[in-house]
Every structure is written in structure tokens, then in C-alpha cells.
Amino acid sequence: MSQRPRASLGRVLQDLGDSFLELVAGDPEREREIGGVVIHDPDDEPVHPPGALVLGVGVPHAALPGLVRDAGRRGATGVVVRAPVVMDATLDAAVQDAGLALLGLRRGATWSQLTALLRSLLAEDDIGPAEAESIGGLPSGDLFAVANAVGALLDAPVTIEDRSSRVLAFSGRQDEADSSRVETIIGRQVPERYAKMLTEMGVFSQLYREHRPVVVDPADLGADAVNMQRVAIAVRAGDEVLGSIWAAMDGEVTPELTAVLQDSAKLVALHMLRVRAGADVQRRLRTDLVSTALEGGAGARDALSRLGLAGTPVVVLAATLRAEHPDVLPVSHAVPGVGSGAMSGVGSGAGSGDLERVADALSLHLSASSPGSAVAVVGGIAYGLLAVVAGTEPEGRAARLAEEFCERVGSRLPIVVGIGGVGADVRGVTDSRETATRVLRVLREGHSAQRVARLSDVHAESLLLELRDLAAARGERPTGPVARLQAYDEANDSDLTGTLAAWLDALGDVRAAAAALFVHPNTLRYRLRRVEEVGGVDIADPEQRFAAMVQLRILAPR
């Protein structure tokens, strides 16, 4: 990724894109610095510094072309309006004529939050290199510093928690609270029994519904470990609830304390959004580097170097969820993002939420054993690059780490992992990715009961899938006996095709095939005679059995 100017639109979109802004039209990559932030006011003529970013607060769609053209004439570099933005020919022409970028402010984000973060980003270098970027006088994204500041204002120990009651940060003086708070801090999570009680009492629904503090009387919880009153307030970004602030404090919640909590919630929201934006940037950068390394193009060597894997042999792991998982999308035959040929036949993978969690958990697991590993979601698959350790069997080590990972995750998510070969150079990494993806497809579609496999474990199944793809691409259909059996079954609502398949799977064992079909052995023997009569096949002939088996496996899979 190229180095961009300190205050360019590209930099702003990198830092805030996933959380705040979306590009609607125009080119944000122009090497032009943003000179400042201007809020559009139709009744006033603000001073536009060169390269201003204009915020079109409350501008109706009909007025957008005029605003864009006016901003272009004043030398603005971009215009931000509330999303969604409906593009039409008039607006598109205005953007092109103005030579700027049109951005949309995402739903859930407020203009005041965007303004604060933009000005923080644009002034990043103005206070000297030794100074950290700050929001509200506190280091940007430092939730522990924010928690201490809020705790000082309230004169009480506080925690900042997300929507799942995970503790993101806490202030000092936690020892002044009760033992339940200490348990929460140690576990970095509100204990499940307390979270359940709060849910049943309706505390969370009230907290997320109201903009005022919610008070929890310890007597209502009926727990000896809770003897201090809790005062909580939701942290919001527009209509999105990001989390909450919890203070352990007794006494009346006065209007002054209410105001402090409300102001603190706004400050915490800015810092939480900055943390999210920073995480988005790091994830995008890691995804770009891993994707480039896996693709094997001109930038692959540099990408491996930036990942710290230059000159180091690696094994590629490919992970996703089994196809029966509700978040897994239907199989397609090309995965966007990493190329078409080598990635064909896997599908677009799991739902983004679960898959991102899988990737984060896999990254943490691999880094504990191999600090130089890198994991990212590319094309609906979580790919991991695992550095080879001297003196070990690389594929075996990767498989063991993947097995341990699946055991830790348990049955909560049906994760499957394909293991590639050893890649000693750029081409080798690409080959390892192709192998891992082949294996993953077998596991994902349920052609193997294993959760982790190498190509040697599922080679035959992989070949069958590739032959099935080739036959489908050619439009091949069953012929001869299998075709006649299928036509008879369709016309007579029978299952002679399934009977033949079960008998072949059982290697001619009548009792085993009958058990698989839940019929009596004599019934199966009668059906086999009908198979020979209708299909015109001699099941005693090994060549005819093999031909039928190939067609059933490749052209007519059950």
C-alpha cells in the first residue's frame, strides 16, 4: 500500500471507511490534502479553505447537484452527505464536473462524531511527532485513560463494556467496589449469572432504550457478592448502541451526575469508534497483504516481506464453516478476491460475522505457537500463513495446531480446516493455497467426516469433485443403464438407482445394503433383479459395475 498524504481523502476513508463513511462517487485517491472541515449552511457563506471537506448536513437530494458544483468551484476536495445516496445522471455529472469525491455518512453515525474524528485526524501531525492523537484531551482510543477520567468525574470505580458485557476497560479504585466487581475485572467479563439476572430484570432493555442513567439496586439481585448500587448509561453512535458505562456507587443520582454520565457517554463513543476504525484499518491492511501473498503476483514477495515471512517457508491453512451452517452461502464456482481458477469450487463461504470471529480466533491460536503467522479472510475463507519451524514435520504440525483449534472452539461453530503443502517461495505459497482450498472444499461439503485434513487424507474425494465439475461444465449426463434406471424411477416413483448405489457402496454385501436402505434382504434381492431387468446391466460383470459406480459418483451424486 502506498504512502498517502497526512490528510488526504484516501487516508480518511482508510481510517473511517468501515465505521463512518462510504464512497459514493468520484476519485478519493487524488494526492491532495484536505485543508479543513466546512459545514454547509444555505443561509450563510462560510469561508472555504483550499481543499475543504464539505459536510452537507440535512441537504435534500434535489439540492445535491448544486451543492457539489458549488463546492467544486470553491476548490473543495469532497462532499459528505447522509447515506444512502441515490445516484442519477444529474448528480453523477455534477460530481464529474466538480472533480471531487462524494461520500455518504453511514446510518448510526452522527455529524458531531464525524466532525470530531475528522478534525482529530486532520490535525494529527500539527502538534508535533511526540504528541499522540487525542479526543477530548485523552489519547485517541485509550479506553483505560477514558475510564480513569470518567471515574474521577464520578468519584467511583467504573467499567466500560461492550454489548456482550465484555469489559473493554476499567478505572482504578476497583478494590473499593464489592467482590462481584472484582470477579468481573479478573474475568474481563460480567459473570454469566449476573448478566442473566440483569436481562431477566429488564435492565439491558431499559438501558438500551433510554438516554438517561439506569440504577440497579443490589437488593434486587439477591446476591451476597453485590452490595453496591450500580449506575449505568448506554454508549451510542447515532441509533447504534456500542456498549455501556457502569459505575459502582451508592447514593442519589443527581442531575449533575446524570449530566456527567451523559457527557461521558458521548466521549466514550468517540473513543470506541476510533478503536473500531483503527481495527478496521489494520484488518484491511492485513487482508490486502495476505491476499497479495496468496495470489502470487508481482507484489507477493513484498507482501510476504511486510508480513515478516520473506525467505521463510510457510504452510497455508484454509478454514471456514461446513455447508450446513446457516450462515454459509450456496456453493459457487469462483471466489472473488483471490483469483478464479485456483479458487474455483469452494463458494463464498460463511457469514461475515462468524467468519471474522473464526479468523480472529485462529490468528490468536496460531500466533501463540508461531508469532510470525498471519490470518485474514479472503474470498469467504479464513486463510492462515504458518511459518515452518525447523526440525518439525510442517504439514503435521499445522494439522495438530488446527485440530487443537477445532477442539477449543468445540461444537459452537462447525469449523473445518484444509492444510496445504510447504511453500518455500512465492510460487510455493500459491501452490500451498491451492492445495488447502482443494482440501477445504471436500471437508466443507461434507464428503469427509474429518474437521482437519491434508490432501493425502482426502485425495480421492478431491479428484471426484474435480471430475464432477468438469462433467458439469461439459453438460454431461448419465447414459446407458444408469440413465434407464433414473428414467424408470422418475416414471414409477421407485428407487432402483438408489438400490444399485447402496449395493455398490456395500461392495455387494446384500445384508449391509439392505440395512442401509432399511429394507429386508429379500426385498433388496428382488430390487436387484429389477435393476438388471430395467437397466440392462449385469451386476456380476466388474466392468459394468465400475462404469455404473463412476456415473453414480460423478454424474448423479446423491
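P84 is found in the loop that runs between strand 4 (78–82) and helix 3 (89–98). The structure shown here is a predicted model, and this loop is a convenient place to enter it. The peptide bond leading from A83 to P84 is cis, with omega near 0°.

From this single bond the reader may turn to the protein as a whole. The protein has 558 residues, and buried residues make up 47% of them. Its secondary structure comes to 20 helices and 17 strands. How much of the accessible surface belongs to carbon and sulfur atoms? Of about 26,200 Å² in total, the share of these atoms is 52%. Contacts across the sequence complete this overview. Among contacts between residues at least 6 apart in sequence, 63% join residues that are at least 24 apart.

A second loop lies between strand 9 (167–170) and helix 6 (179–187), and R173 is located there. The phi angle of R173 is near 70°, a positive value in a residue other than glycine. Is R173 buried, partly exposed or exposed? Its relative accessibility is 34%, so R173 counts as partly exposed, since the partly exposed class lies between the limits of 20% and 50%.

Helix 10 (residues 255–295) contains L289. Because its relative accessibility is 10%, L289 counts as buried; the limit for a buried residue is under 20%. Which residues does L289 touch, if those up to four places away in sequence are not counted? They are A303, R306 and L307. A distance may be added for S305, which is 16 residues from L289 in sequence. The C-alpha atoms of L289 and S305 are 9.5 Å apart in space.

Helix 15 (residues 455–474) comes next along the path of this account, and it bends by about 40° at E461. Its buried residues are V458, S462, L465 and A471. What covers the buried residues of helix 15? The cover includes helix 14 (426–444), strand 17 (452–454) and helix 20 (542–554). Just after helix 15, G475 takes a positive phi of about 75°.

The next subject is a pair of helices in contact. Two packed helices are described by the angle between their axes and by the distance between those axes. For helix 16 (residues 480–492) and helix 19 (residues 521–535), the axes come within 9 Å and cross at roughly 110°. Helix 16 is therefore roughly perpendicular to helix 19, as angles from 65 to 115 degrees fall in that class. Which residues of the two helices meet? On the side of helix 16 they are P481, R484, L485 and Y488, and on the side of helix 19 they are R530, V531, V534 and G535. The residues of this contact divide into five nonpolar, one polar and two charged.

The account ends in the loop between helix 18 (510–517) and helix 19, where F518 has its place. Like the loop residue R173, whose phi is near 70°, F518 is a residue other than glycine with a positive phi, here near 60°. Is F518 buried or exposed? F518 counts as exposed because its relative accessibility is 76%, and the exposed class begins over 50%.

How values were computed: Residues numbered from 1 in each chain as written. Predicted model: local features only at pLDDT ≥ 70, side-chain atom pairs only at ≥ 80, totals over all residues. Heavy atoms only, no water. Helix = DSSP H or I, 4+ residues; strand = E, 2+ residues; numbered from the N terminus. Buried < 20%, exposed > 50% of the residue type's maximum accessible area, 1.4 Å probe, protein only. Contact = heavy atoms within 4.5 Å. Areas by Shrake-Rupley, 256 points an atom, 1.4 Å probe, with all protein chains shown as cover. Axes fitted to C-alpha atoms, helices over the stretch in contact; angles between N-to-C directions. Parallel < 35°, antiparallel > 145°, perpendicular 65-115°, else oblique. Nonpolar A, V, L, I, M, F, W, Y, C, P; charged D, E, K, R; others polar. Bend = angle between axes of the 7 residues up to and from the residue.
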